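Reader: I am new to this structure and would like a close look at a single part. Could you take me through one helix with care?

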Amino acid sequence: MAMHDIQVTVNGAPYDAQVESRLLLVHLLRDQLRLTGTHIGCDTTHCGACTVLLDGQPVKSCTVLAVQANGRQISTVEGLEKEGKLHPLQEGFWEKHGLQCGYCTPGMLMTTCALLEKNKNPSEADIREAISGNLCRCTGYNNIVKAVQFAAERLRKEA
Amino acid sequence: MIPASFDYHAPGTLPEALALLSKYGDDAKVLSGGQSLLPLLKLRLGQTGHLIDIGRIPGLEYIREEGGLLRIGGRTRESALEGSEVIRSRYPILHDTAKVIADPLVRNMATLGGNLAHGDPGNDHPATMLALGAQVVATGPKGERVIPIEQFFLGLFRTALRPDEVLTEIRIPVPPARSGGAYLKLERKVGDYATAAAAAQVTLGSGGAIERVGLALTNVGPTPVKAVDAEKFLVGKKPDAATLGEAAQRAAKAASPSADRRGSVEYKREMARVLATRALKLAVERAGGR
Amino acid sequence: MQPRTSPEVGGMGHSMKRKEDPRFIRGKGNYVDDIVLPGMLWMDIVRSPFAHAKIKSINTEKALKVPGVLAVITGETLAKYNLHWMPTLMSDTQMVLPTEKVMYQAQEVAAVIATSRYAAADGVDAVEVDYDPLPVVVDPFKALEPNAPILRTDKKDKKDNRIFHWEAGDRAATDKAFAEADVTVKQALYIPRIHVASIETCGCIADFDRVNGKLTVYMTTQAPHAIRTVFALVAGHVGLSEERIRIVSPDIGGGFGGKVPVYPGYVIATAASVVIGKPVKWIEDRMENLQADSFARDYHITAELAARKDGTITALRMKTLADHGYTDAAANPSKFPAGLFSICTGSYDVSKAFVEVDGVYTNKPPGGVAYRCSFRVTEAIHAIERITDVLAQELKMDPAELRMKNFIPKEKFPYKSALGWEYDSGDYEPALRLAMDKIGYAALRKEQAEKRARGELMGIGISSFTEILGAGPSKHFDILGIKMFDSCELRIHPTGKAIARFGTKSQGQGHETTYAQIIAEELGIPASVVQVEEGDTDTAPYGLGTYASRSTPTAGAAGAMAARKIREKAKKIAAYLLEVSEDDLVWEPGKFSVKGAPSRSKTIQEIAFAAYTNHPPGMEAGLEAVNYYDPPNLTFPFGSYICVVDIDRGTGMVKIRRFVAVDDCGNIINPMIVDGQIHGGLTMGMAPALLEEISYDENGNNQAGSFMDYLVPTAVESPSWETFKTVTPCPHHPLGAKGVGESATVGAPPAIVNAVVDALSHLGVKHVDIPITPEKVWRLLKEKGVAE
């Protein structure tokens, strides 16, 4: 089977890779690029633990082929912190106890990062709807909502 | 969770894509959003030798009204439909539908063309397109052909699309004044396929009677169900509660659901009725009726 | 309760931000699948499509030809080392890989070892297994019939499918009380199988170092030491000796009990690594996890109450059939095959009670106590809270009033229950009153009456539960003989910082923060500089792990006791430094000062430095202590939950309008973390009540083997939980704390069921089994003639 040479930009840095057609984007990120912040939690595109931003849009990287990402921009959780400064969402999740085991957290962060780009003042219902593709077993979602509201307020103040 | 091997092609133009489809025939599949196809391949429930990714072909994602039609490119993302102001204000049935497909993340990749071409009676757009009286544009090596939506869904995972064709556009007639539509989906949780769903699009005459109506159901048969008998019954009548209720009864009779974890045959058929009633009521309200 | 320490110190009562979060929010957690070792190979497992079948042949020829595949391991391979069967935690036996037959769908049949994840998957696809199907037993009642096929043909002389019979209480006295009662009620209820489905599945990397003869296994486990000892016992005969086995439990993405059992995958990976001499990684995918790993519940209960006309409960009787799957691999304390089910008298003063549980084998995966159940407390409380409402309905009494009438009064604690438990402390009435106040109970009843008149359906459901945690006192509690103490090893460094290691293992509960807060409380050393470690059996003191909400009651107590030992030594050093006698010293968090001369003092930091530089002659240097804590009793948190539901008469869908949870878990270490535990527990309580169920068809096919049909709630289904507290300290715990991790999973389901039944009670509905699907409700509405 043919291998494909691809180039992806991840968190602003270009990477070259040689991949099988069937390599899932999440495996490219985790196994080849060693960016293990993006997680795998299911096999039927339900849990969202694998969420990354593809050209700014949150997608489930387990249901995207690495070859489909050729030439495109990917943002993962590792790219949220900029020069030692945490993203307000990361601050919010920490401040408001929006995580417990931490496994769904990168997916939650990426999804809500995209949400706050689109919607500067999301309501609780907006937030719950936005994260309805990300499953969490630990938190009961209450504090995730609070974390996002914290970040939204912080971002509005900074603007 | 890991697919079997296949070859991957990313043609840059439609003719290239069509040539590849002709070349590989049944051993090739079109990759659009991939949110129906890739899950199947990952579970090794489906197999293919070649994926033809149409994602690099420019000019297949658009939403525009022209010539009395709403024209949507086959590769238009569900999230784009959901976010479109034109669709939200003038085609609320389509907005309703896009909003309940899978979850917000899947909608960033999933496409309208894929949702129709997959031929899964559980997908949401087919019923809505039936209600809207849409047309599917299939582009093949010999050019375009326009397929009325009523002729598009042939059976379980079977559509009128040929192996060497790509679904390039959906055309929806711009509804006249005093039109309204709604799509209501009963799901066990966000992200699920419909236990049952109903798509209703009505146009009211100046006297308040129903001039035109499209009514179709999701996931209650091997194909989406167009409630033809119910539609015929409604035309010319005032949309009062009893009339809508009777129409919904007839629609439910047209359903042939299978029992599964979402419900028994009896329950699903009843839910088709309940949802058809509610969708018709909402469509009428949106059309400026009661 | 006002914290005794400043926020900078962060002792008990402070909602300090979690110390473990910095790595998780950056995506720098260290989960098993993140770990890569040099030369690492991949393992994937071939699983049976049949629930019960003889294995005629396993053909590995095609698989071995797949590029990258190195080996295929079968039961025959393991049988050479007598590793094809292993003991379970309940002293039953289970297959690692079968040599004769498979006994549940998705059972492990063979394992492929390959050089990559993808090659291993291709290898699995290429293994050809020929099965001869056998009759399947999925109904536990049918399993007990005289002509049922005997499933455990591996057990010589086994003539039936019974596993155990267990009982507690006084059968004769209870039967007499029932015979004499004014009113009796009886309700059959089924609590179906469910699955923890933590977002991280199970897996391991087994790494056998041939040179040093040492096995290291990175494993998703909640109980690393127990695993190490089990491995030493099971594989001792092939040369794996306990001092050469290291189990490392790194960051775990959720446990909830599902990561306690020893899964065949761990053992096969270990065997493969020992044989091949390279690290072998095995990570199960979600469908394997849902179809083969330890389940929870699957209890068929008949609950009965006897009462006086005025609503005073006089007796309780419960009979349960426990479907255990093909082997008893539950992780209960060994003397309790039905866990702590005998907590089923709940919050009520019931003088006569009798319960019996019979375990039975079926063709399903084994397990029973995963999913946050505190060892069957979810089942017990579901039963008592349901039958209490059934009684209220029978007597036409308000369910809150009936509960108040029967609560164990505060004065009766410590309370000896009719089934043998000594409840430590409780004050049930204020908790229920607080819940009623917060939800606006009286106004809701009024609204319900008005809505009923209009044909609208709303319900209010109460659950007043008592939990039982902290297994447990060595007198009664052991797992495979190992007593259920837990431990802390605490060392203070010269500069006054500390490291504390524990025998438990957090999977998200926040131990790195809460344990540090305990040390901060006891010693006044800021929690921010107390480094907490768990999970590496080479360095952590022996413990039984984290499950059944036992950490705070056992290891938390050990931390406090170790800190107190250090304080005793610190006092001696302080007396020496200040040249006074110990009796002249007064302690406040962080320092000893001289009575009457408070300016003469030594901080704990100064004392720590002195322990290494200027300790009293004759005393050992250093400042450290170990405590193995044997709890004198279990702890009994409690609470009252009230749920309001609205029912759609057309679809049968139940919508939770509001849910108020009042919890009492004694003294609280970190209020924010406690609330997080409750929120998570509430969502995991709502899930089985409305959405989740693992069921099997008559051929043993799993009907919910993926997230397509196993419905884990999203943020849209999960309501906005409202949480409140009362505080009734634990009299025997050094910190007065009780633990809280599973309270909400225990208390929430019956509150929801009671609300739904309450919404329909005026139509004559008495009970609905969970999960309450829209169709179940719709059928009731149809039956009663009120469907839209």
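Author: What follows is a description of one helix and its surroundings. The model is predicted, so that local features need pLDDT of at least 70, side-chain atom pairs count only at pLDDT 80 or more, and totals for chains, interfaces and linings use all residues. Residues are numbered from 1 along each chain as its sequence is written, chains are lettered from A and ligands numbered from 1 in the order in which they are written, and side-chain values use heavy atoms, with hydrogens and water left out.

The part is helix α12 of chain C, residues 428-439, where a helix is a DSSP run of H or I with at least four residues and a strand a run of E with at least two, numbered from the N terminus. Its 12 residues reach 17 Å from the first C-alpha to the last, close to the 16 Å expected at 1.5 Å a residue, that span being 1.5 Å times one less than the number of residues.

Buried in α12(C) are C:Tyr428, C:Ala431, C:Leu432, C:Ala435, C:Met436 and C:Ile439, buried meaning under 20% relative accessible area with a 1.4 Å probe and protein chains only. Seen down the axis of α12(C), these buried residues fall within an arc of 130 degrees, so they line one face of the helix; the arc is that of the directions from the helix axis to the C-beta atoms. An α-helix has 3.6 residues a turn, so residues three or four places apart point the same way.

The buried residues of α12(C) pack against several elements of chain C, among them the helices α11 (399-406) and α13 (441-453) and the strands β22 (457-466) and β32 (638-647), contact meaning heavy atoms within 4.5 Å. After α12(C) comes C:Gly440, with a positive phi near 75 degrees.

Elsewhere, 32 residues of chain B are in contact with 36 residues of chain A.

How values were computed:
Buried < 20%, exposed > 50% of the residue type's maximum accessible area, 1.4 Å probe, protein only.
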